[in-house]
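Biologist: Could you take me through the charged pairs of this model, setting each value against its definition?

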Amino acid sequence: MSGESRRKCWICIVMATSRNTLKRVADYYETQLTAFGTSAQGAGWNGIDAQRTRFCQLEKLFPGGRHFSVIDLGCGHGSLVEFLNERNHDFDYAGCDISARMIDCARRRHAALPNVGFSVASRPAAVADYCV
């Protein structure tokens with residue numbers, strides 16, 4: 001096998017392994033969503049306090065009083081959107097997650113918000129001021 005053939009084979013193995021890993025991760029979070037709904041536990045957190053602590057830490061990155069854009073990689077059902085709205089931030093939000101069920105749930109929860117969008121993906125398709 002030539003060096004180029006080995007490299008192509010290795011890339012195929014890595015891609016297949018990545019797909020399998022992503023599928024297992026998506027399955028785990030979909031199980032959480034089924035068991036706990038749109039609560040913090042439904043997104044894999046051990047409780048609302050842990051989730052809010054993370055959101056408060058992320059908030060320190062965002063500019064106060066001025067518009068910003070954020071990509072939420074692994075957005076789950078979009079709870080960060082609610083947090084940012086509660087805190088009166090001016091933002092555009094793109095959430096992406098590998099779980100189609102999480103994204104369906106997020107789209108239903110936030111359908112009325114024109115500054116919010118969701119996609120099933122393992123990586124963002126756009127650029128933003130922040131990616132969390």
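**Charged pairs and their cover**

Modeller: Glu82 is partly exposed, because its relative accessible area is 28% and the class runs between buried, under 20%, and exposed, over 50%, as judged with a 1.4 Å probe and protein chains only. This is a predicted model, in which local features need pLDDT of at least 70 and side-chain atom pairs count only at pLDDT 80 or more, while totals for chains, interfaces and linings use all residues. Residues are numbered from 1 along each chain as its sequence is written, and side-chain values use heavy atoms, with hydrogens and water left out.

Biologist: What makes the meeting of Arg109 and Glu82 a salt bridge?

Modeller: The term asks for a side-chain nitrogen of Lys or Arg within 4 Å of a carboxyl oxygen of Asp or Glu, and the side chains of Arg109 and Glu82 meet at 2.4 Å, N to O. Arg109 lies in helix H4 (residues 100-109) and Glu82 in helix H3, so the pair ties together parts that are 27 residues apart in sequence; helices here are DSSP runs of H or I with at least four residues, numbered from the N terminus.

Biologist: Why is Glu59 called buried, and Arg87 partly exposed?

Modeller: Glu59 has a relative accessibility of 16% and therefore counts as buried, whereas Arg87, at 35%, counts as partly exposed. Glu59 and Arg87 also form a salt bridge, with their closest N and O atoms 2.7 Å apart.

Key. Helix = DSSP H or I, 4+ residues; strand = E, 2+ residues; numbered from the N terminus.
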